[in-house]
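Visitor: I would like to know what lies behind the labels used for this model. Can we go through them one at a time?

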Amino acid sequence: MKKLIGPFKQILPLTGLPLKGALADEQLHILPNGGVLIEDGLILAVDDFDKLRSNYPLVQIEEITGDHVLLPGFIDCHTHICFAGSRAKDYAMRNSGKTYLEIAQSGGGIWDSVTQTRTADEVTLTNLLIKRVQRHVAEGVTTIEIKSGYGLSVDAELRQLQAIKSAGDKTNASLISTCLAAHILPKDFDGNHQEYLNYLLQNLLPVIKQKGLSNRVDVFIEQSAFNTSDALNYLAKAKQLGFEVAVHADQFTTGGSEVAIKARAASADHLEASGDYEIKLLANSDTVAVTLPGASLGLGMPYAPARKLLNAGACLAIASDWNPGSAPMGDLLMQAAVMAAAEKLSAAEVFAGLTSRAAQALKLDDRGSLSKGKLADMQAYPCDDYCEILYQQGKLKPEMVWTADLF
Ligand code: NIG
Ligand code: FE
């Protein structure tokens, strides 16, 4: 059954933009009074609404009243929203002057979320996750990458990935799971970092593959987590097992992004500490540079050098990093808009970073723009010009959100 939706005051299809490098708003294609023709969850045509209506006189029409701007659904390509409990105490300690490392060493940090998450059964985890997914969908995010990494044992990691799968079955969003068992060395593991990674390669990753629970692996490269050589070896072996890989890179210290590029990772994420050397490497690679302004806001730290990355020619995506510790807010649009003001990013760079370029970070070629054959994941803002959306710095939310499986 075909369906025509419109008219929209403006449609920004986000098509035809280069995958890498700086973008000017003049490069944005803006379709006035447009409509979208959809069949079985896929876009058949994006064109002038009246033209589509006369070319397809028999289709069902969802008439949009009032001025709206239509965008592709956002793709949040980096989150950790499968968790139980809270780390509000960490936040208060941090704002009282304690550092991330000091908080971790005094019983807070990632390990605190691991112990809280381990106490939750799969149903509880799934229900907590569904609420967060629904909030994201209401805010226009239709594809969400979700990492494990608060289980850190075979059973608890599998439980997280299973909860992500169940939440995906029960919500309209597309959920893309990633195994982040290499988040930190769990305190109860009897062995060193290298032994833990080998343990994961032997006992966890093959099970994840066999159960079809994820095809992505991530590792946190940092002084408090894993070193570059152990991580590179782990990623190479994960790739041999058939996983796509991503890296938590250059958050506090450098080293991670170089590993990401050597491992031909889909993305290197964080990059707050990246300098000119790392920027050049990323710009000359096929690895997507994922910036996480929510972590900068949550930790009270500088943003990743988004402007420099784009000017150097990198493919830059923007994700929320939504997690209980460093990025508890989870409002992707607000974070992207606020970083854009500080880093001087054009609307084209922000919207591409939240859609087509974020799709590249997840290696998804069926979404991220509005054109024939793409998924009908879309969101409409109640305004008459796309510039209003970033101008309102996240306060203007979409009034309508569609996901492909609604059709
Ligand atoms: O992306 N940097 C490592 N991992 C998460 C933090 C998770 C946490 O603090 O619980 C991040 O910021
Ligand atoms: Fe993260």
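Guide: Two strands are said to pair if DSSP finds at least two bridges between them. The model is predicted, and the labels below are applied to its atoms.

Visitor: What makes strand 7 and strand 8 a pair?

Guide: The pair needs at least two bridges. Strand 7 (residues 141–147) and strand 8 are joined by 5 bridges, and they run parallel. Within this pairing, Ile-146 stands opposite Ser-177 of strand 8.

Visitor: How many bridges join strand 8 to strand 9?

Guide: There are 2 bridges between strand 8 and strand 9 (residues 216–220), again in parallel. Because the rule asks for at least two, these strands also count as paired. Here Cys-179 has Val-217 of strand 9 as its bridge partner.

Visitor: Why is strand 8 called mostly covered?

Guide: A residue is buried when its relative accessible area is under 20%. In strand 8 (residues 174–182), 8 of the 9 residues are buried.

Visitor: And why is helix 15 described as largely enclosed?

Guide: Of the 8 residues in helix 15 (residues 347–354), 8 are buried, so the rest of the structure largely encloses this helix. The buried residues include Glu-349, along with Val-350, Phe-351 and Leu-354.

Visitor: What makes a residue a donor of the iron ion (ligand 2)?

Guide: A donor is an N, O or S atom within 2.8 Å of the metal. His-78, His-80 and His-248 each offer NE2, and Asp-321 offers OD, at 2.0 to 2.2 Å from the iron ion (ligand 2). These distances fall within the cut-off, so the four atoms qualify. Along the sequence the donor residues are spaced H-x1-H-x167-H-x72-D.

Visitor: How do you know whether His-78 is buried or exposed?

Guide: The relative accessibility of His-78 is 0%, so His-78 counts as buried. His-80, at 2%, is buried as well.

Visitor: Which residues lie closest to the centre of the largest cavity?

Guide: The count comes to 2 cavities of 30 Å³ or more, and the largest has a volume of about 100 Å³. Of its 14 lining residues, His-80, Tyr-100, His-183, Asn-323 and Ser-326 are closest to the centre. His-80 is thus both a donor of the iron ion (ligand 2) and a lining residue of this cavity. By class the lining divides into 4 nonpolar, 8 polar and 2 charged residues.

Visitor: What lines the second largest cavity?

Guide: Its volume is about 50 Å³, and its lining includes Pro-72, Ile-75, Thr-142, Arg-367, Ser-369 and Asp-377. Domain 1 (3–73 + 368–406) and domain 2 (74–361) each contribute at least three residues.

Visitor: Why is the second largest pocket said to lie between domain 1 and domain 2?

Guide: Domain 1 and domain 2 both give residues to the lining of this pocket, so the pocket lies between them. It holds about 200 Å³ of space. Its lining has 14 residues, with Leu-19, Ser-356, Arg-367, Ser-369 and Lys-374 nearest the centre. Arg-367 and Ser-369 also line the second largest cavity. The pocket lining has 5 nonpolar, 6 polar and 3 charged residues.

Visitor: Which helix gives the most to the lining of the largest pocket?

Guide: Helix 3 does, with 4 residues. Helix 3 (100–105) and helix 4 (110–118) each supply at least two. The pocket has a volume of about 310 Å³, and Ala-104, Gln-105, Ile-184, Lys-187 and Ser-224 are the closest to its centre among the 14 lining residues. The lining is made up of 7 nonpolar, 6 polar and 1 charged residues.

Visitor: What makes the phi of Asn-33 worth a note?

Guide: Asn-33 is not a glycine, yet its phi is positive, at about 50°. Asn-33 lies in strand 2 (residues 31–39). Its relative accessible area is 44%, so Asn-33 is partly exposed. Leu-152, also not a glycine, has a positive phi of about 60°. Leu-152 sits in the loop between strand 7 and helix 6 (154–170) and, at 3%, is buried.

Visitor: Why is the peptide bond from Gly-6 to Pro-7 called cis?

Guide: The omega of that bond is near 0°. Pro-7 belongs to strand 1 (residues 2–11).

Note on methods:
Residues numbered from 1 in each chain as written. Chains lettered and ligands numbered in written order. Predicted model: local features only at pLDDT ≥ 70, side-chain atom pairs only at ≥ 80, totals over all residues. Heavy atoms only, no water. 1 Å grid on protein atoms, 1.4 Å probe; cavity = no way out; pocket = protein on both sides within 12 Å on 5 of 7 lines; lining within 4 Å. Points joined across faces, edges and corners; volume = space filled by probe spheres on them. Nonpolar A, V, L, I, M, F, W, Y, C, P; charged D, E, K, R; others polar. Domains from an automatic or database assignment. Buried < 20%, exposed > 50% of the residue type's maximum accessible area, 1.4 Å probe, protein only. Donors = N, O, S within 2.8 Å, 3.2 Å for Na, K, Ca; no water.
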